[in-house]
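Hi,

Here is the structure I promised to pass on. Have a look, and my notes follow underneath.

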Amino acid sequence: MTSFPEGFLWGAATAAHQVEGNNLNNDWWRLEQVAADYGVQASGDALDSYHRYHEDMRLLADRGFTAYRFSLEWSRIEPLPGQFSRAALDHYRRMIDTARELGLEPVVTVHHFTHPVWFDDRGAWLWDGAVDAFMRYAEQACTILGDVHWIITINEPNVLAITHGGQRQVALGNPYPRNALPDQEIGDVLIAAHRVAAPMLRQRTGARVGWSVANQALTATPGNEEKFTEVQYLIEDKYLQVSREDDFVGVQSYTSQPVEADGIVPHPVADDNTLMGWAYRPDALGIAVRHTRDVVGPDVPILVTENGIATDDDERRIAYTTAALEEVAAAIGQGVNVRGYLHWSLLDNFEWGHWAPTFGLVAVNRETFARHPKPSLDWLGEVARRNAV
Ligand code: FCB
């Protein structure tokens with residue numbers, strides 16, 4: 001048995017659009033309505049977590065978990081530019097209170113991939129008012145975040161800059177770029193948005209504030225070290241370097257990929273690929289936390305804000321997570337300052353246009369909304385209670 005440091009946070013994560021349902025007013029909903037021809041499924045009612053969040057959080061609390069990560073939905077909080085919904089803010093305040101009452105530390109993401117349609121109509125992150133608009137929204141969010149201890153400004157800016165960069169290319173009449181890198185311009189705007197919002201959130205709430213970066217656990221292939229360094233900077237380190245100024249950094253890791261002369265090598269088809277088509281690499285999390293420490297430095301604590309596997313075989317989920325946690329424990333043993341582990345995801349949810357990749361510790365019947373805990377939920381709860389794997 002390997003123990004984790006005292007006070008280590010044990011939880012699971014979700015994001016508003018993936019679980020709430022009927023987020024009628026954001027860019028993803030809009031895309032889902034028009035992109036069926038391209039195989040994009042709709043979120044619809046999702047898991048109705050907008051109403052069932054108490055039940056969701058109890059699933060964790062009853063089993064001894066100590067944290068829950070969820071996100072605020074900007075399009076509900078600011079349905080029209082400058083028009084803020086007190087009722088939506090109150091809703092998220094109730095979620096924070098519920099987490100606390102149940103003994104769960106709320107880890108709150110201010111922006112997780114979605115934005116209001118009016119923001120989209122103005123050009124999204126390339127609109128010259130984007131940073132100011134995000135700041136105004138974050139200021140309103142502060143009115144309910146006063147006693148929250150962990151705030152993530154923007155989830156995976158490096159992935160957001162890839163997906164929005166891809167959409168931009170399609171809008172310009174170009175094909176969606178294969179194995180795309182983040183769009184540099186969008187990435188720069190996200191960095192600017194984080195750099196103005198983070199100090200404000202820190203000052204008004206007293207929370208630890210940071211952002212969560214997708215870590216691809218990239219490795220160099222022989223002779224391609226220079227290309228590797230270039231790609232790693234563009235896709236990851238540029239965003240991790242920003243975290244040097246923060247109170248913590250969120251690490252999100254699922255798999256690992258080599259870099260060759262042409263860039264990142266696509267995952268080869270393999271029997272043990274996950275339902276995302278990603279290589280089965282539980283060791284990626286160890287590479288990810290070490291690399292993050294190397295870039296960000298030893299003084300900025302790390303929170304694993306996402307790690308998990310899309311599989312319909314729950315034993316495999318347990319095996320993957322066991323190996324990933326052993327990696328975290330080994331890194332901690334070598335001095336990497338990891339403060340907690342939030343599994344992706346609590347629920348089988350809407351995986352951005354697809355319902356098939358199931359990441360949840362809990363299955364959900366989408367007709368009745370009944371929650372069906374998988375053995376992995378009990379197993380990870382037991383790890384949390386023992387604080388050891
Ligand atoms: C991350 C996202 C999260 C989820 C997982 C699988 O990129 O932050 O919402 O989709 O991947």
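A warm-up while you have it open: in which helix does Ala-138 lie? The answer is H7, residues 130-142 (helices here are DSSP runs of H or I with at least four residues, strands are runs of E with at least two, and both are numbered from the N terminus). Ala-138 counts as buried because its relative accessibility is 0% (buried is under 20% relative accessible area, exposed over 50%, partly exposed in between, with a 1.4 Å probe and protein chains only). Its C-alpha atom is 9.1 Å from that of Ala-198, and the two residues are 60 apart along the chain.

Before you go further, a word on the source. This is a predicted model, where local features need pLDDT of at least 70 and side-chain atom pairs count only at pLDDT 80 or more, while totals for chains, interfaces and linings use all residues. Residues are numbered from 1 along each chain as its sequence is written, and side-chain values use heavy atoms, with hydrogens and water left out.

Now the strands. Eight of them close into a barrel, in the order S1-S2-S3-S4-S5-S7-S10-S11 with parallel pairing (two strands pair if DSSP finds at least two bridges between them). Within that barrel, S4 (residues 150-155) and S5 (residues 208-215) run parallel and are joined by 4 bridges. Asn-155 has Ser-212 in S5 as its bridge partner.

There is also an open sheet of 3 strands, S6-S8-S9, with mixed pairing. S6 (218-220) and S9 (263-264) are its edge strands, each pairing on one side only. S8 (residues 257-260) pairs with S9 in the antiparallel sense over 2 bridges, and Val-259 stands opposite Ile-264 there.

And the ligand? Asn-155 turns up again: one of its polar side-chain atoms lies 2.9 Å from a ligand oxygen. Glu-351 also has a polar side-chain atom 2.7 Å from an oxygen of the ligand, and for His-112 a side-chain N or O atom is 2.8 Å from one (a polar contact is a pair of N or O atoms within 3.5 Å). Taken alone the ligand exposes 300 Å², and the protein buries 94% of that (areas by the Shrake-Rupley method with a 1.4 Å probe).

Other residues around the ligand include Gln-18, Phe-113, Glu-156, Tyr-254 and Trp-344 (a residue is near if one of its heavy atoms lies within 4 Å). By class, the shell has 5 nonpolar, 4 polar and 3 charged residues.

Cheers

Terms used
Polar contact = N/O pair within 3.5 Å; in protein donor to acceptor, adjacent residues only side chain to side chain. Nonpolar A, V, L, I, M, F, W, Y, C, P; charged D, E, K, R; others polar.
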